[in-house]
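Colleague: Please take a close look at one part of this model for me, then follow the thread from there into the rest of the chain. Cut-offs included, since I'd like to know what each term means.

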Amino acid sequence: MGKYVCCTGLLKNTWDQVCIAFWQRYPNPYSNHVLTEDIIFREVTPSNCLISRRLLTKTSRAPRWMERYLPKHMTNSAYIIEDSVVDPQKRTMTTLTWNISHARLMSVEERCLYQINQENGSWTEIKREAWISSSLYGLSRAIQEFGLARFKNSVTKTMKGFEYVLSRMQGETPSRTLAETATERARETAMAAKEKAKDLASHAQKKQYV
């Protein structure tokens, strides 16, 4: 069946500002996992809509139990296709993203609609939908749960990244965001050190039995 999730976010910036920030959101302190972004296709339709397709390369560290199902060169990176349609008349931007690597193991398709908030015309509402599935027999449920947790975590980082870029565009210094980023990096470093310590302890135990 797969997993489906839907959530709504709010940015206290105009739709025009958010659209501009969308194209300038990389790099930011919350998107260190995004390595490259390349425009594959772009055109303006007769109705004045901007259609784009981009290829994004991201780091995507798989959990240890999943690594054995992936080729070595694919355990640390992922390729994402991002389609977008900007409609200046309807004042909407729609994006659709999906992974083209690891797709059999786990497929994540995300659709976002950026539109003017009905209660406040100076704010932008983001409706986000995602479909997560896996065709790996026997592990599909566990993989889908993992994908769902990772997706929810990435939504938080995406919103913080947007806020950072919007603040920078307006000439503000997002000091609180930078402080949060420093804390996050310290936490990630601590987790990496913990994993390394576990590996060393495991190797030490094995040697004792030899």
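**The E2–E3 hairpin and what lies around it**

Modeller: Let's start from one rung: Ile39 has Arg54, in E3, as its bridge partner. That rung belongs to an antiparallel pairing between strand E2 (residues 34–44) and strand E3 (residues 50–59), built from 9 bridges. Strands count as paired once DSSP finds at least two bridges between them. The elements themselves are DSSP runs numbered from the N terminus: H or I with at least four residues for a helix, E with at least two for a strand.

Some bookkeeping before we go on. This is a predicted model, so local features need pLDDT of at least 70 and side-chain atom pairs count only at pLDDT 80 or more, while totals for chains, interfaces and linings use all residues. Numbering starts from 1 along each chain as its sequence is written, and side-chain values use heavy atoms, with hydrogens and water left out.

Back to the hairpin. There are 5 residues between E2 and E3, and Asn48 sits in the turn. Asn48 has a positive phi near 75 degrees despite being a residue other than glycine. Its relative accessible area is 46%, so Asn48 is partly exposed; buried means under 20%, exposed over 50%, and partly exposed is what falls in between, with a 1.4 Å probe and protein chains only.

On the E2 side, Glu43 lies in the strand. Glu43 comes out as partly exposed because its relative accessibility is 38%. Setting aside residues up to four places away in sequence, Glu43 touches Cys49, Leu50 and Ile51, where contact means heavy atoms within 4.5 Å. Looking further along the chain, Val85 is 42 residues from Glu43, with 10.0 Å between their C-alpha atoms.

That points us to strand E4 (residues 77–87), which holds Ser84. Ser84 counts as buried because its relative accessibility is 2%. Apart from neighbours within four places in sequence, Ser84 is in contact with three E3-side residues you can pick out by name, Leu50, Ile51 and Ser52, and also with Trp23, Thr94 and Thr95. Just past E4, in the loop to E5, comes Arg91. Arg91 is another non-glycine residue with a positive phi, about 60 degrees. At 29% relative accessibility, Arg91 is partly exposed.

Now to helix H1. Trp15, Val18, Cys19, Ala21 and Phe22 are its buried residues. They line one face of the helix, because they fall within an arc of 165 degrees when seen down the axis; the arc is taken over directions from the helix axis to the C-beta atoms. The cover over these residues includes E1, E4, strand E5 (92–99), E6, strand E7 (124–133) and H3. In the loop between H1 and E2 you'll find Pro27, joined to Tyr26 by a cis peptide bond with omega of about -5 degrees.

H1 also feeds the largest nonpolar core. A core is a set of buried Ala, Val, Leu, Ile, Met, Phe, Trp, Tyr and Cys residues joined through side-chain atoms within 4.5 Å. This one has 16 residues, and those with the most contacts inside it are Leu11, Trp15, Val18, Met93, Tyr114, Ile126 and Phe162. Helix H1 (15–24), strand E6 (107–116) and helix H3 (140–169) each contribute at least two residues. A second, separate core has 10 residues, among them Leu105, Ala130, Leu136 and Leu148.

Leu11 is a good one to click on. It belongs to strand E1 (residues 3–11) and counts as buried because its relative accessibility is 1%. Beyond its neighbours within four places in sequence, the contacts of Leu11 include Val18, Ile126, Met159 and Phe162. Leu11 and Ser122 are 111 residues apart in sequence, yet 9.3 Å apart C-alpha to C-alpha.

Zooming out, the chain has 4 helices and 7 strands, in the order β-α-β-β-α-β-β-β-β-α-α from the N terminus. Of its 210 residues, 36% count as buried. Among contacts between residues at least 6 apart in sequence, 57% join residues at least 24 apart.
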